[in-house]
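Please look through the sequence and the structure shown here, and then follow the explanation below, which moves from the bound ligand to the strands.

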Amino acid sequence: MSLLQAREVAKRYGGLAALSDVDLSVGEGEFVAVIGPNGAGKSTLLNVLTGLVLPDTGRVLLGGWDMTRAATHKRVRGGLGRTFQHGRPFERLSVLENVMTGAAIQSGRSELELRERAMAVLDQMGLAADAHLPIGSLSYGHRRMVEMCRALACEPRVLLLDEPAAGLNSAEVDQLIDRLTDLRAKHRIAILLIEHNMGMVMRLAERIIVLNFGCKIAEGTPSEIQNDPAVLSAYLGEGYRHASV
Ligand SMILES: Nc1ncnc2c1ncn2[C@@H]1O[C@H](COP(=O)(O)OP(=O)(O)OP(=O)(O)O)[C@@H](O)[C@H]1O
């Protein structure tokens with residue numbers, strides 16, 4: 001059954017169709033990636049799902065709840081977590097305090113409970129040793145992992161990741177892949193990933209949706225996508241098929 005759904009979502013900016021009747025579905029525990037060239041509409045789709053952008057037409061649903069016009073914080077409380085391409089942590093707070101702000105979105109918790117929840121997430125993501133460091137002292141790659149912890153502390157049913165590998169070196173990307181693999185093995189959390197790092201997408205995604213000029217041009221398993229002529233021509237390039245076999 002579908003947990004997160006977009007149905008015929010369309011969004012225009014003046015004469016530009018950023019999204020044209022796009023359908024998307026993420027099942028319980030499923031790992032889905034959205035790929036496509038710059039300007040294809042990936043971030044717009046994510047913003048429609050999280051409520052930062054309202055669609056002109058179409059609907060978005062979470063577990064059957066029509067949240068198309070719902071405020072972002074209600075979606076988060078309903079189980080939608082996200083990270084941002086350019087996340088902005090609270091610079092004056094420690095790593096732990098930053099993650100606690102995520103846990104605080106679910107109301108009615110004491111400070112002790114927030115702290116315990118945040119520590120559990122940091123531990124799970126291998127960052128417990130950094131808990132009391134000021135966030136400003138961390139490397140860029142570490143900061144991005146903390147942002148993911150903050151999203152996880154909201155206890156999402158679906159986690160939306162906006163280009164989590166951008167700016168990471170290859171060792172950090174490998175570490176990120178390991179952490180996400182581990183996270184799913186232990187918690188079966190559903191993940192929707194937007195990413196340009198094709199190595200990461202092909203290793204993690206069970207299903208891939210390809211956007212181009214706001215339209216869905218393909219959907220399938222990683223091997224189907226890597227051999228789809230429309231995807232090779234619009235995004236991956238003919239060389240990709242040969243490089244990846
Ligand atoms: N607020 C806005 N006002 C006007 N045009 C916008 C706005 N937001 C996005 N667009 C346009 O909509 C189209 C889709 O943009 P979007 O950011 O969703 O693409 P993307 O696939 O996420 O690209 P990238 O991979 O570069 O992040 C682009 O042509 C973009 O310039």
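What follows describes a predicted model, beginning with the surroundings of the ligand and then turning to the strand pairing.

The shell around the ligand is formed by Tyr-13, Leu-16, Ala-18, Gly-36, Asn-38, Gly-39, Ala-40, Gly-41, Lys-42, Ser-43 and Thr-44. Sorted by class, these residues comprise 4 nonpolar, 6 polar and 1 charged. Strand S2 (16-27) and helix H1 (42-50) each contribute at least two residues to this shell, and the largest share, 3 residues, belongs to H1.

Elsewhere in the model, 6 strands make up an open sheet with mixed pairing, and their order is S6-S7-S8-S3-S9-S10. Because strand S6 (80-82) and strand S10 (215-220) stand at the edges and each has a single partner strand, one side of each is left without a neighbour in the sheet. On average, and with direction ignored, neighbouring strands of this sheet are turned by 20 degrees against each other. At the S6 edge, the partner is strand S7 (residues 158-162), which runs parallel to S6 and is joined to it by 3 bridges; here Leu-80 stands opposite Val-158 of S7.

A further set of pairings involves strand S1 (residues 2-13), which pairs with strand S4 (residues 57-62) in the antiparallel sense over 5 bridges, with Leu-4 opposite Leu-62 in S4. S4 is also joined by 2 bridges to strand S5 (residues 65-66), again in an antiparallel arrangement, and Leu-61 has Asp-66 in S5 as its bridge partner. The hairpin of S4 and S5 has 2 residues between the strands, and in this hairpin Gly-63 takes a positive phi near 55 degrees.

Notes
Residues numbered from 1 in each chain as written. Predicted model: local features only at pLDDT ≥ 70, side-chain atom pairs only at ≥ 80, totals over all residues. Near = placed C-beta within 6 Å. Helix = DSSP H or I, 4+ residues; strand = E, 2+ residues; numbered from the N terminus. Nonpolar A, V, L, I, M, F, W, Y, C, P; charged D, E, K, R; others polar. Pairing = 2+ DSSP bridges. Axes fitted to C-alpha atoms, helices over the stretch in contact; angles between N-to-C directions.
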